[in-house]
Amino acid sequence: MINFVSVENVSKAFGERVLFENISFGINEGQKIGFVAKNGTGKTSLLNIITKSDPSDTGQVVYRKGLKVAFLPQEPNLDPKLSIEETIFTGDNESLQAIEAYEKAVLNPEDAEAFQAAFDLMDQAQAWDFETEYKQILSKLKLDNLSLKVGSLSGGQKKRLALANVLLSKPELVFLDEPTNHLDLEMIEWLEEYFAKEKITLFMITHDRYFLENVCNEIVELDQGKLHNYKGNYAYYLEKKEQRLTVEATELSKAKHLFKKELDWMRRQPKARTTKSKSRIDDFFEIKKKAHQRRADHQVTLEINMERMGSKIIEFHKVTKNYGDLVITDKFDYVFQRGERIGIIGKNGTGKSSFLNLLTGIELPDSGKVITGETIKIGYYTQKGIKVKEGQKVIDVIREFGDYIPLKKGRQISAGQLLEQFLFDRKKQHDFVEKLSGGERKRLYLCTVLIQNPNFLILDEPTNDLDIVTLNVLESFLLDFPGCLAVVSHDRYFMDKIVDHLFVFEGKGVIQDFPGNYSDYRAYESSPKTKKEPTTTKVTESKQDKNSWKKEQKSTSLSFNEQKEYNKIERELKKLEIQKKEIEQQFATETFEGDALIEKSKELGIITNAIEEKEMRWMELAEKMG
């Protein structure tokens with residue numbers, strides 16, 4: 001196995017804050033490594049050291065001589081004066097060098113030897129089809145107008161152009177920092193397939209768990225300043241990490257037990273110390289260090305006291321919205337119901353974010369009506385993120401919304417306690433906001449939206465720049481969120497876990513309502529019996545044909561609606577069991593008399609009956625599944 005890069009004893013600290021010390025590992029030919037870590041723990045710093053964008057405090061990074069390397073940063077540095085096509089032709093790759101040499105040789109045909117050398121170089125670099133290749137890649141990345149200047153492009157378009165340059169340079173080793181950000185689902189799946197089949201060595205930071213699963217053959221995790229290697233894809237990593245944490249917990253328990261024993265000896269030891277006792281004292285302090293280790297793994301367990309939601313939620317009545325020739329909606333009808341969890345997908349530029357602005361009332365329709373119920377309180381997480389005020393500390397951002405947040409049962413949580421729930425420790429709360437990483441700022445912004453106690457939550461690309469740990473926290477929160485939810489996201493894993501059905505934006509005002517999550521939709525689309533007929537913007541259309549694909553799957557004998565009912569019952573049973581335990585606890589700790597006792601007993605009876613009924617139905621469906 002050929003070694004491409006050796007990372008030897010590198011360290012990085014900012015003042016007293018040590019990110020990591022004496023880290024060593026190698027990158028070998030053929031490895032496709034996914035690099036994961038919590039935001040703010042040194043993930044980007046280590047990547048910058050490996051790519052030599054930033055020096056390390058100790059150690060060195062050694063590259064194999066002559067290695068062809070490419071790097072896609074989160075914020076590419078491109079010349080704003082050049083066009084898209086000119087940017088491609090100023091790239092540094094073999095094909096362009098071969099084309100340049102060939103064009104010079106053509107101008108001097110009398111030099112037969114030079115012409116033959118240039119001709120052979122074109123063959124060697126496979127440069128004859130370069131024009132076709134770069135146009136195909138730019139087309140896949142939706143960069144069709146090659147004359148557009150870089151200065152006029154959006155941040156997402158610049159990222160895609162930089163990605164095209166990386167792919168066209170045909171490197172042996174590629175470093176990628178969040179390559180799926182600013183790509184729509186179709187682009188992500190194309191890129192995933194490209195990397196999976198190409199003989200290319202990868203080292204990438206990404207929060208896209210399906211991407212990690214389908215592309216990577218190794219996961220490297222930076223956890224509490226140490227590296228852990230897992231020789232497999234994302235599913236393998238999850239399994240082995242769980243085993244590692246179990247072992248660590250066992251070792252910690254043993255260390256604590258030994259610490260208590262040695263502490264007792266230390267208290268009883270005589271003042272006169274022998275060499276043996278001095279050695280034991282030295283060991284004691286090492287044991288003490290191990291015994292006092294603790295993991296900073298927090299889980300959000302907030303039970304936000306959501307405001308009551310009336311019968312009228314949000315209604316769209318024949319809503320039309322255009323921006324010049326771009327049609328967002330065309331006589332769109334939909335009535336939102338309580339507890340709906342809608343995922344919104346579609347290619348970039350089909351109007352997903354504009355639809356959210358209609359939903360929130362930020363923009364008004366050209367015709368038709370959007371009616372919002374009086375009890376609806378919207379929480380809107382936008383792509384713009386948090387506005388950083390100079391000199392403002394993390395704790396001050398939260399305190400702009402109040403010092404305390406109301407929870408269920410009359411309880412409340414302070415601003416500081418709330419931040420701790422969202423992975424900001426006490427020290428971090430007093431950092432200036434401008435010092436936070438991009439992911440930490442997104443986490444803080446998300447926190448400010450959630451604590452406003454909305455009953456209709458709208459999230460526009462909430463997973464961008466969030467680490468996997470935070471994504472798991474967010475998913476746990478959203479799974480228990482009792483209100484309505486509308487999400488625009490290119491994170492397929494996130495969408496599969498959170499939403500019940502989809503609005504698929506197909507362009508030109510066509511919006512398809514699909515009864516399932518993203519993986520369900522992809523299975524339906526790839527089904528041989530799927531008819532690619534034009535769909536209507538009236539999303540209340542019959543779903544009978546769209547459900548038929550599910551019945552043909554051999555993995556379950558349930559129909560699509562039965563499968564959906566089965567999943568819903570599991571969620572409802574979990575909530576009912578919690579309610580039952582709460583009432584039983586009240587009976588154990590509180591005194592009820594008269595009417596209050598009767599009412600509370602009736603409530604417990606209703607919940608118990610509901611649990612029994614749902615368990616019976618769940619068992620019927622489970623038996624049918626086999």
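In what order do the six strands of the open sheet lie, and with what pairing? In this predicted model, local features require pLDDT of at least 70 and side-chain atom pairs count only at pLDDT 80 or more, whereas totals for chains, interfaces and linings use all residues. Residues are numbered from 1 along each chain as its sequence is written, and side-chain values use heavy atoms, with hydrogens and water left out.

The open sheet follows the order β14-β17-β18-β12-β19-β20 with mixed pairing, where strands are DSSP runs (E, at least two residues) and helices likewise (H or I, at least four), numbered from the N terminus, and two strands pair if DSSP finds at least two bridges between them. Its edge strands, each pairing on one side only, are β14 (378-381) and β20 (510-514). Within the sheet, β12 (residues 341-346) pairs with β19 (residues 501-507) in the parallel sense over five bridges, and I342 stands opposite H501 in β19.

Helix α11 (residues 352-360) includes S354, which counts as buried because its relative accessibility is 18%, buried being under 20% relative accessible area, exposed over 50% and partly exposed in between (1.4 Å probe, protein chains only). Apart from neighbours within four places in sequence, S354 is in contact with Y323 and I328, contact meaning heavy atoms within 4.5 Å.

The largest nonpolar core (buried Ala, Val, Leu, Ile, Met, Phe, Trp, Tyr and Cys residues joined through side-chain atoms within 4.5 Å) has 47 residues, and L141 is one of those with the most contacts inside it. Helix α6 (residues 155-168) supplies the largest share of this core, seven residues.
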